[in-house]
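Open the model in a viewer and keep the selection panel at hand. The stops below go from one selection to the next.

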Protein chains: 2
Amino acid sequence: MLAKGKIMESPELEKIRDEFTEIAGQLSARLGLSRTVGQLYALLFLSDEPLCLDYMVERLRVSKGSVSTNIRELEKWGGVRKVWVKGSRKDFYEANPDTLKIVINRFKGGIQERLNEMSEGISRFEKVVSEIESNLPVEEKKKAQFYREKFRKVKKMQALINTFLKIIPKKILL
Amino acid sequence: MLAKGKIMESPELEKIRDEFTEIAGQLSARLGLSRTVGQLYALLFLSDEPLCLDYMVERLRVSKGSVSTNIRELEKWGGVRKVWVKGSRKDFYEANPDTLKIVINRFKGGIQERLNEMSEGISRFEKVVSEIESNLPVEEKKKAQFYREKFRKVKKMQALINTFLKIIPKKILL
DNA sequence: TACTTAGTTTAGAACATTCTAAACGTTCTA
DNA sequence: TAGAACGTTTAGAATGTTCTAAACTAAGTA
């Protein structure tokens with residue numbers, strides 16, 4: 001199953017590895033990823049050699065389909081990469097050791113997407129308000145003004161977050 | 001329904017408000033909160049007066065139970081606060097205007113909890129490894145060493161994230 | 001060509017989350 | 001004290017996600 005054939009493991013080390021992957025799985029689930037994604041990454045992170053699908057299936061007791069789907073998900077955002085192991089026609093994977101970078105990039109990407117969605121909405125709203133404002137009765141005009149103010153606040157927040165996201169890598173990575 | 005009696009609204013402004021809350025709801029859902037929490041906060045954020053449960057029920061077309069539960073969730077982490085409106089025995093709420101602070105605090109808290117869980121695990125693992133290491137066969141000793149190294153890496157990451165979380169408020173808030 | 005091996009895709013099962021509707025407990029009012 | 005007003009709690013419905021099992025595709029091997 002392993003790249004260079006299976007070796008016997010001490011039950012204690014085996015247990016540590018299982019618990020490690022389990023914790024990573026929970027972490028992953030809490031962060032909005034699937035549990036299996038976290039488990040897979042952890043398993044590879046804690047391995048000194050590339051692993052094949054069947055091995056991961058056996059170790060984590062999950063279905064082959066699930067491993068297949070989730071490992072490709074991981075691959076998509078650079079969490080693991082496929083490696084060649086000569087003498088085998090299986091796919092082997094190894095973890096990208098730069099865990100922090102992976103997490104941060106994914107995280108940044110997600111936030112930025114959301115911010116963009118919000119921005120589109122806000123622009124649209126501002127446009128509508130300026131179009132209708134002159135035709136509103138006094139009371140409503142006040143409300144329109146109030147909305148404007150709020151939209152400005154939201155945009156300011158978005159800008160803050162954006163500049164902040166840009167400085168993250170410098171601050172945290174080395 | 002409103003604190004000072006209901007006023008007619010222009011349909012355009014009404015539509016903007018509904019879309020605004022909708023977007024906030026989606027944002028909220030993506031960030032791991034319930035959709036309704038986001039909608040409630042957005043509705044209050046965009047209101048120039050405190051709102052009561054029934055009004056929120058009517059505006060968002062969600063059940064009273066859901067509003068009750070979710071507004072208290074929001075209250076718990078400082079997103080909204082209950083205000084007194086004289087002449088009514090209803091509960092009125094207003095949004096904490098410091099949106100960014102709320103989000104960041106919640107976010108920080110969540111991450112820190114997860115880090116602590118991880119830390120506990122890692123400490124336990126390190127203890128076990130050092131206890132059993134001397135009794136392991138050569139091949140396994142190497143693996144134990146390898147595990148140690150990985151644990152050290154994880155701890156280093158945790159430390160980085162922790163110091164980073166501490167500087168967030170200064171960097172982003174004002 | 002038939003068989004084996006490996007990975008992918010998919011229909012539906014299992015599960016967790018969040019909602020609704022309704023019952024409920026309190027507090028106020030007449 | 002009866003009834004209304006209000007918010008809370010809860011059982012179960014609706015929904016969404018992620019898994020499994022099995023069918024499938026592709027590629028190597030005998």
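**Stop 1: DNA strand C**

This is a predicted model. Select DNA strand C and the protein around it: 17 residues surround the strand, and the closest are A:Lys64, A:Ser68, A:Asp91, B:Thr36 and B:Ser63. Which parts of the strand face the protein? Of the strand C atoms within 4 Å of the protein, 76% belong to sugar or phosphate, and the rest belong to bases.

Now show individual atom pairs.

- Pick A:Asp91: one of its backbone N or O atoms lies 2.4 Å from a phosphate oxygen of DNA strand C.
- Pick A:Arg89: a polar atom of its side chain is 3.3 Å from a sugar or linking oxygen of DNA strand C.
- Pick B:Ser66 on the other chain: a polar side-chain atom lies 3.5 Å from a sugar or linking oxygen of DNA strand C.

Next, colour by secondary structure. Two elements give two or more residues to the surface near DNA strand C, namely helix H4 (64-76) of chain A and helix H4 (64-76) of chain B. The largest share comes from H4(A), with 5 residues. Coloured by residue class, the surface near DNA strand C shows 2 nonpolar, 8 polar and 7 charged residues.

**Stop 2: DNA strand D**

Move the selection to DNA strand D. It has 17 residues around it, of which A:Thr36, A:Ser63, B:Lys64, B:Ser68 and B:Asp91 come nearest. Sugar and phosphate make up 76% of the strand D atoms that come within 4 Å of the protein.

Three residues of chain B are worth labelling here.

- B:Lys64 reaches a base: an N or O atom in its side chain is 2.9 Å from a base nitrogen of DNA strand D.
- B:Ser68 places a polar side-chain atom 2.7 Å from a phosphate oxygen of DNA strand D.
- B:Asp91 has a backbone N or O atom 2.5 Å from a phosphate oxygen of DNA strand D.

The elements that give two or more residues to the surface near DNA strand D are H4 of chain A and H4 of chain B. Which helix gives the most to this surface? It is H4(B), with 5 residues. By class, the surface near DNA strand D has 2 nonpolar, 8 polar and 7 charged residues.

**Stop 3: Arg61 in each chain**

Select A:Arg61, which lies in the loop between helix H3 (53-60) and H4 of chain A. Its phi is near 55 degrees, a positive value in a residue other than glycine. Most residues other than glycine have a negative phi. Is A:Arg61 buried or exposed? Its relative accessible area is 70%, so A:Arg61 is exposed.

Then select B:Arg61, found in the loop between helix H3 (53-60) and H4 of chain B. Phi of B:Arg61 is also near 55 degrees and positive. B:Arg61 counts as exposed because its relative accessibility is 71%.

**Stop 4: Thr99 in each chain**

Go to A:Thr99 in helix H5 (residues 99-132) of chain A. Its relative accessibility is 14%, so A:Thr99 counts as buried. Leaving out residues up to four places away in sequence, A:Thr99 touches A:Tyr41, A:Phe45 and B:Met157. Add A:Leu43 to the selection: A:Thr99 and A:Leu43 are 56 residues apart in sequence, and their C-alpha atoms are 13 Å apart in space.

Switch to B:Thr99, placed in helix H5 (residues 99-132) of chain B. B:Thr99 counts as buried, because its relative accessibility is 14%. With residues up to four places away in sequence left out, B:Thr99 touches A:Met157, B:Tyr41 and B:Phe45. Turn on side chains to see the polar contact between B:Thr99 and B:Tyr41, at 2.9 Å.

**Stop 5: chain A as a whole**

Zoom out to chain A. Its domain assignment gives domain 1 (11-96) and domain 2 (100-172). How far apart do the C-alpha centres of domain 1 of chain A and domain 2 of chain A lie? The separation of these centres is 38 Å.

Finish by colouring chain A by pLDDT. The mean for chain A is 91, and 94% of its residues reach 70 or more. Select residues 1-6 of chain A, where pLDDT stays under 50; the model has 17 contacts beyond four places in sequence for these residues. Where pLDDT is low, the predicted coordinates should not be read in detail.

Technical notes. Residues numbered from 1 in each chain as written. Chains lettered and ligands numbered in written order. Predicted model: local features only at pLDDT ≥ 70, side-chain atom pairs only at ≥ 80, totals over all residues. Heavy atoms only, no water. Near = heavy atom within 4 Å. Polar contact = N/O pair within 3.5 Å; in protein donor to acceptor, adjacent residues only side chain to side chain. Helix = DSSP H or I, 4+ residues; strand = E, 2+ residues; numbered from the N terminus. Nonpolar A, V, L, I, M, F, W, Y, C, P; charged D, E, K, R; others polar. Buried < 20%, exposed > 50% of the residue type's maximum accessible area, 1.4 Å probe, protein only. pLDDT = per-residue confidence, 0-100. Contact = heavy atoms within 4.5 Å. Domains from an automatic or database assignment.
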